[in-house]
Amino acid sequence: MTKIGFIGVGNMGGPMALNLATAGHDVCAFDLVQASLDAVVGDGVRAAGSNADAVKGADVVITMLPAGGHVDAVYANDVLPNVSSEVLLMDCSTIDMATSKAVHEAAAEKGCLMVDAPVSGGVKKAVDGSLTMMVGGSDEAFAAAKPYLDVMGANIFNCGDAGAGQAVKMCNNMMLGIQMASTAEAFVLGEKLGIDPEKMFEVINVSSGQCWSLSSYCPVPGLVPSAPSNNNFEGGFGTTLMLKDMNLALEAAKAVNGSAKVAEMATSIYQDYLEEGSGGKDFSGIIELIRKG
Ligand code: NAD
């Protein structure tokens, strides 16, 4: 049994922490939101009183936080001052490469092994323990992290050095953000052309327009049972987080002179949805905005 300190038990971190506890590990968690912490306590997950308490005495520390600013502050103030050089650090948040590399460097100065291991698959795969995990770090750190990654995920990839997991994740989410915008636009167009959404789903799911946003996360309710569209776009992957990821991709593309014209247009849709007050809703909710024209 490994002692795991888990920081950030929201939509994704919660089920990931629960799966580690179910696998027999001693998981001690903390989250700033009491309701998120309460949701995972029991079933082997213990509640800590603070981030520092969660990591003290841990063999492994896992963070699943919203963005780079949170990760930077939590490692500088709470994690690194309270762990020994023996601890393995795993940041599963999706953040910018610069912050990720800086945290890796601070961890190395302390003598700790670290991986960045952002994930893909959404809440359903976090619950099932079948996430795709994109890992950056040394081969030694990857090997040390693998047994824990195997509990949380089904497809584990060594993407390269520190920050490489973040680079792959950023490209993946750029595609996802564009695909959801195209899926929502196509369904609204179909509705306006008088086509039954169920028929659209049935046909396109076996045609060349098929993609994850359609088959696993359809923005029209009633077609994919686990999709947030069935739950008034509550839970899932917040629009604020998708907008963060699209902006990470745009900034990365700008830095290397890459083209991201389609991503720019999709980003503006998530920005508009946020500005109408829907930043807390799942990103597939942009279909509501598109429907309004
Ligand atoms: P979330 O907002 O549901 O969870 C993040 C949690 O971190 C919250 O409960 C929040 O209270 C907590 N937190 C923030 N600052 C903290 C601090 N200083 N100390 C302790 N806890 C703190 O977000 P999520 O959907 O679970 O996403 C987490 C990360 O995973 C993000 O980087 C996101 O981009 C990425 N991600 C999300 C999904 C998804 O489908 N939701 C899929 C893949 C990747």
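**Exercise 1. Two helices in contact**

Which residues in α8 meet which residues in α9? Work it out on this predicted model, then describe how the two helices are arranged.

*Solution.*
- Step 1: Find the partners. α8 covers residues 164-192 and α9 covers residues 197-204. From α8, look for Ala186, Phe187, Gly190 and Glu191; they meet Pro197, Met200 and Phe201 of α9.
- Step 2: Sort these residues by class. The contact of α8 with α9 has five nonpolar, one polar and one charged residues.
- Step 3: Read the geometry. The helices pack at an angle of about 130°, and their axes lie 10 Å apart.
- Step 4: Name the arrangement. An angle counts as roughly perpendicular from 65 to 115 degrees and as roughly antiparallel over 145, and α8 and α9 are therefore oblique to each other.
- Step 5: Add the handedness. The crossing of α8 past α9 is right-handed.

**Exercise 2. The largest nonpolar core**

Find which residues of the largest nonpolar core touch the most other members, and trace which helices and strands each supply at least two residues of this core.

*Solution.*
- Step 1: Begin with the residues. The core has 37 of them, and those touching the most other members are Phe6, Met16, Ile62, Met90, Met133 and Leu149.
- Step 2: Move to the elements. At least two core residues come from each of the strands β1 (3-7), β2 (26-30), β4 (60-63), β5 (88-91) and β8 (131-136), and likewise from each of the helices α1 (13-22), α2 (34-40) and α7 (139-152).
- Step 3: Pick out the top contributor. That is α7, which gives six residues to this core.
- Step 4: Zoom in on Leu149. Leaving aside residues up to four places away in sequence, Leu149 touches Met90, Ala117, Met133, Val135 and Ile156.
- Step 5: Look beyond this core. There is a second, separate core of 34 residues, including Met242, Leu243, Ala260 and Ala266.

**Exercise 3. Two positive phi values**

Check the backbone at Asn232 and Phe233. Is Asn232 buried, partly exposed or exposed, and is Phe233 buried or exposed?

*Solution.*
- Step 1: Locate the residues. Asn232 sits in the loop between α10 (212-215) and α11 (239-255), and Phe233 also belongs to the loop between α10 and α11.
- Step 2: Check phi. Asn232 is not a glycine, yet its phi is positive, at about 50°. Phe233, another residue other than glycine, has a positive phi near 60°.
- Step 3: Compare accessibility with the cut-off: buried means under 20% relative accessible area. Asn232, at 46%, is partly exposed, whereas Phe233, at 6%, is buried.

Conventions: Residues are numbered from 1 along each chain as its sequence is written. This is a predicted model: local features need pLDDT of at least 70, side-chain atom pairs count only at pLDDT 80 or more; totals for chains, interfaces and linings use all residues. Side-chain values use heavy atoms; hydrogens and water are left out. A nonpolar core is a set of buried Ala, Val, Leu, Ile, Met, Phe, Trp, Tyr and Cys residues joined through side-chain atoms within 4.5 Å. Buried means under 20% relative accessible area, exposed over 50%, partly exposed in between (1.4 Å probe, protein chains only). Helices (H or I, at least four residues) and strands (E, at least two) are DSSP runs, numbered from the N terminus. Contact means heavy atoms within 4.5 Å. Axes are lines fitted to C-alpha atoms, for helices over the stretch in contact, and angles run from 0 to 180 degrees between N-to-C directions. Angles under 35 degrees count as roughly parallel, over 145 as roughly antiparallel, 65 to 115 as roughly perpendicular and the rest as oblique. A crossing is left-handed if the near helix is turned anticlockwise from the far one by less than a right angle, and right-handed if clockwise. Ala, Val, Leu, Ile, Met, Phe, Trp, Tyr, Cys and Pro count as nonpolar, Asp, Glu, Lys and Arg as charged, and the others, Gly among them, as polar.
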